[in-house]
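Hi,

I'm handing over the structure we talked about, and I hope you enjoy exploring it. Have a look at it first, and then read on for what was found.

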Amino acid sequence: MFVLQLLVISIIISIGLVIRLIYMGYCDAIFKNQHDVWGGYTTGHLGITFSLFYTGKVPPLFKDFNMSYQFYHFKTAHVIFAGFMQFMKIFVGENQYVLYQSLKIVSTMMSFGILVLTYFILKELNLTKRSLIFALILTISFPTLVILGANTNNDTALFFFTYLSIVDYKTGTINTDL
């Protein structure tokens with residue numbers, strides 16, 4: 001019975017990944033269904049990511065009015081994005097648009113990680129097998145979590161690292177040392 005349940009859970013999580021991959025292909029990293037990614041390559045999340053990509057530094061957020069609202073965002077996602085763009089530069093060249101599009105890969109993988117971590121969190125709630133499966137189906141199809149699969153701002157990383165901080169990586173259980 002355990003093997004069958006694990007197979008069903010694996011299929012559900014795989015369907016969640018496919019949904020996110022389809023949505024990732026549907027969305028543009030800058031113009032379609034994005035949040036706080038606007039104004040060109042010098043403002044918003046786009047500007048922070050490209051500043052880190054080209055200079056290794058966060059732009060001066062208070063010198064430019066268009067960047068002043070970004071001061072409260074944690075920059076971990078932007079650092080990861082800039083590093084991934086440096087890696088992708090080897091394969092796709094210096095085209096800014098193509099490099100930024102490649103960041104949907106990072107967001108989709110983090111979104112997939114959220115699905116896997118959600119399973120570990122739900123497992124700790126001692127739900128019945130049916131309830132666990134139902135909760136996973138809700139999670140893979142929850143619109144906000146699907147949208148995170150193609151976001152190129154810091155929202156997906158925020159969710160991913162929050163979930164990661166809850167789950168103990170060694171045991172796959174809830175971290176009680178918080």
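Let's begin with one residue: Phe 160 is buried, with a relative accessible area of 17%. That counts as buried because the cut-off is under 20%. Phe 161, by contrast, has a relative accessible area of 31% and is partly exposed. Please keep in mind that this is a predicted model.

**The chain as a whole**

There are eight helices and two strands in the chain. Along the sequence, they follow the pattern α-α-α-α-α-α-α-α-β-β. The chain has 178 residues, and 44% of them count as buried. It exposes about 9,700 Å², with carbon and sulfur atoms supplying 70% of that area. If you take the contacts between residues at least 6 apart in sequence, 68% of them join residues at least 24 apart.

**Aromatic rings**

A pair of aromatic rings is described by the distance of the centres and the angle of the planes. Counting rings whose centres lie within 6.5 Å, there are ten aromatic pairs. One of them joins Phe 50 and Tyr 54, which are stacked, at 5.9 Å centre to centre and with 20 degrees between the planes.

How far apart are Phe 50 and Tyr 54 along helix H2? They are four residues apart in this helix (residues 44-55), which means about one helical turn separates them. An α-helix has 3.6 residues a turn, so residues three or four places apart point the same way. The two partners are covered to unlike degrees: Phe 50 is buried at 3% relative accessibility, while Tyr 54 is partly exposed at 44%.

Phe 160 and Phe 161, where we started, also form an aromatic pair. Theirs is edge-to-face, with 5.2 Å between the centres and 70 degrees between the planes.

You can also look for a cluster of rings, in which ring pairs link Phe 50, Phe 53, Tyr 54 and Tyr 100.

**The nonpolar cores**

In soluble globular proteins, nonpolar side chains tend to be buried together. Here, the largest nonpolar core has 25 residues. Those with the most contacts inside this core are Phe 50, Phe 53, Met 85, Tyr 100, Leu 103 and Ile 114. At least two of its residues come from each of H2, helix H3 (76-92), helix H4 (96-101), H5 and helix H8 (155-166). A second core is separate and has ten residues, among them Ile 12, Ile 13, Tyr 119 and Leu 132.

Phe 53 is worth selecting on your screen. Leaving aside neighbours within four places in sequence, Phe 53 is in contact with Ala 82, Met 85, Gln 86, Lys 89, Glu 94 and Leu 99.

**Helix H6**

What length would you expect for helix H6 (residues 129-141)? At 1.5 Å a residue, its 13 residues should span 18 Å. The end C-alpha atoms are 19 Å apart, which agrees.

Which residues of H6 are buried? They are Leu 132, Ala 135, Leu 136, Thr 139 and Ile 140. Looking down the axis of H6, you will find these buried residues within an arc of 135 degrees, so they line one face of the helix. Arg 130 and Phe 134, on the other side of H6, are exposed. The cover over the buried residues of H6 includes helix H1 (2-26), helix H5 (103-124) and helix H7 (143-147).

Just one more stop in this region: Asn 126 lies in the loop between H5 and H6. Asn 126 is exposed, with a relative accessible area of 68%. Most residues other than glycine have a negative phi, and most peptide bonds are trans. Phi of Asn 126, however, is positive, near 55 degrees.

**Two isoleucines**

Ile 105 is in helix H5 and is partly exposed, with a relative accessible area of 37%. Apart from neighbours within four places in sequence, Ile 105 is in contact with Met 24 and Phe 84. Ile 105 and Gly 25 are 80 residues apart in sequence, and their C-alpha atoms are 9.9 Å apart in space.

Ile 22 is in helix H1 and counts as exposed, at 60% relative accessibility. Between Ile 22 and Val 146 there are 9.9 Å from C-alpha to C-alpha, and the two are 124 residues apart in sequence.

Happy exploring, and do write back with any questions!

Best wishes

How values were computed
Residues numbered from 1 in each chain as written. Heavy atoms only, no water. Phe/Tyr/Trp six-rings, centres within 6.5 Å; stacked < 30°, edge-to-face > 60°. Buried < 20%, exposed > 50% of the residue type's maximum accessible area, 1.4 Å probe, protein only. Expected span 1.5 Å × (residues − 1). Arc of directions from axis to C-beta. Contact = heavy atoms within 4.5 Å. Core = buried A, V, L, I, M, F, W, Y, C linked by side-chain atoms within 4.5 Å. Areas by Shrake-Rupley, 256 points an atom, 1.4 Å probe, with all protein chains shown as cover.
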